[in-house]
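Biologist: Could you take a close look at the cysteines for me, and then at one pair of helices? I am new to this, so please explain the terms as you go.

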Amino acid sequence: FRTVRQGKWNFRKALASVGLNNLLPKLEPAPCKSSYRVRASELPEPLGSEVKELLAWKQAKFAKGRPKWTRHRPVSAKLLENCICRLFGFALNIGNFIGVTSLRSLFTEEIMSAFIEWGLNVRGLTRSSLLRFSMLYGAMRHHPKYRDQDYGWFNTLFNEIPEDDQSVAQMKKAKKSVQYEDLCKIPAAIQDAVMKLGPDDSKASRLVHDELMILWLVTLAWRQRNLRECRLGAPETDNLFFAQLPSFIHVAKPKWVEEALEKNPKQCFWQFYFREDETKIGQKVRGILPRRLIPLLEEYLAIHRPRLVAKEDPGTLFVNDDGCAISCQIMSYHISEIVLKHVGRRTTPHLFRDAFAYAYLAAHPEDFLSLSKILWHKSIRYTLSVYGRNFDESNGVRRIDEWLGATA
């Protein structure tokens with residue numbers, strides 16, 4: 001995929017370098033779907049300053065008037081900023097509203113209603129994409145400077161938006177999805193490729209890096225952010241470490257860990273720990289690394305990772321081609337290329353979670369509580385809403401039949 005795409009541009013560049021570019025058709029730029037949007041740096045005053053203040057208020061560790069569970073991570077704050085820029089861009093370039101220079105004059109029923117009508121009827125937006133503006137509603141409703149304004153119209157307005165056609169969304173996802181069993185075959189296929197290379201071949205180190213990354217995704221199903229930002233080091237400051245289990249802190253122990261502790265109470269184990277501000281749910285997450293990951297992890301850390309990191313070690317478990325911390329875009333692209341090569345279909349790191357979830361439920365029917373903890377969901381209700389489409393009252397009846405026994 002990369003070769004074909006790059007080859008097209010190399011061909012055009014080669015023709016241009018010898019003066020033959022006039023033989024090729026002129027490429028017209030694709031219409032920009034976001035042409036109505038305005039950059040944050042282009043917002044007029046005092047709107048620009050108000051947005052900066054609002055974003056800082058949403059991200060602060062403590063902010064007066066803000067419920068503690070509504071604190072934003074930087075990625076969520078960026079989404080809120082995008083919502084404001086989209087709404088202002090519409091008001092300025094599409095709706096032709098005049099005098100919109102502050103958050104009070106921007107977030108109004110008139111502008112929001114016009115944006116929703118245009119978004120649904122002209123732009124083809126979905127209800128789920130429009131619901132992102134609830135972030136702006138929540139911020140305005142809680143901020144001391146704006147909460148005296150009446151926002152009762154917001155819920156009424158959004159209740160009028162028709163529900164999305166779930167069959168269409170499921171069809172789009174199905175085109176990108178890969179069966180969990182096929183994803184699980186990729187690490188072994190990569191390992192076969194490693195065996196064909198010499199022990200000192202730098203390509204082998206990159207392949208082991210990729211093998212561990214895929215094995216991690218099919219074993220723990222972490223969110224992409226936690227996987228690419230996972231730091232190696234000490235329990236006090238980092239996320240992945242080899243140490244004794246913490247005293248007086250609950251950590252569920254597999255049987256093999258309990259057996260090892262019986263022989264040596266001071267035994268060290270590979271563990272992970274993410275703090276509240278490092279998880280999407282805003283809660284601490286810790287655990288003992290599954291045993292199937294440990295051999296490859298230790299080989300990777302001892303032999304291959306030192307060959308891949310740059311002079312200034314980023315400290316992250318996985319690195320990009322330059323040996324630096326890997327970005328969200330590069331990881332998504334890299335994972336999709338690996339899956340395309342071995343399975344024949346491009347997929348995203350997030351869809352690994354879906355594949356894992358459905359495979360887990362197939363092996364452990366109705367165990368949504370465990371799945372909710374595996375995926376680090378905030379509540380089992382959310383897990384049920386996403387993966388429990390076929391979980392209804394009939395499942396309860398089946399459990400009664402299994403419990404009390406069926407009669408002929």
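Modeller: Happy to! The count of disulfides here comes to zero, where a disulfide is a pair of cysteine sulfur atoms within 2.5 Å. This is a predicted model, in which local features need pLDDT of at least 70 and side-chain atom pairs count only at pLDDT 80 or more, while totals for chains, interfaces and linings use all residues. Residues are numbered from 1 along each chain as its sequence is written, and side-chain values use heavy atoms, with hydrogens and water left out.

Why is Cys 83 unpaired? Its closest cysteine sulfur, in Cys 85, is 9.4 Å away, too far for a bond. Cys 83 is also buried, at 1% relative accessible area (buried is under 20%, exposed over 50%, partly exposed in between, with a 1.4 Å probe and protein chains only). For Cys 328, the closest cysteine sulfur belongs to Cys 230 and lies 16 Å off, again too far for a bond. Cys 328 is partly exposed, with 38% relative accessibility.

Now the helices, which are DSSP runs of H or I, at least four residues, numbered from the N terminus. The axes of α5 (residues 109-123) and α8 (residues 152-159) come within 11 Å and cross at roughly 15 degrees; axes are lines fitted to C-alpha atoms over the stretch in contact, and angles run from 0 to 180 degrees between N-to-C directions. That makes α5 roughly parallel to α8, a label for angles under 35 degrees. In α5, Glu 109, Met 112, Ser 113 and Ile 116 meet Trp 153, Leu 157 and Phe 158 of α8, contact being heavy atoms within 4.5 Å.

Key
Helix = DSSP H or I, 4+ residues; strand = E, 2+ residues; numbered from the N terminus. Parallel < 35°, antiparallel > 145°, perpendicular 65-115°, else oblique.
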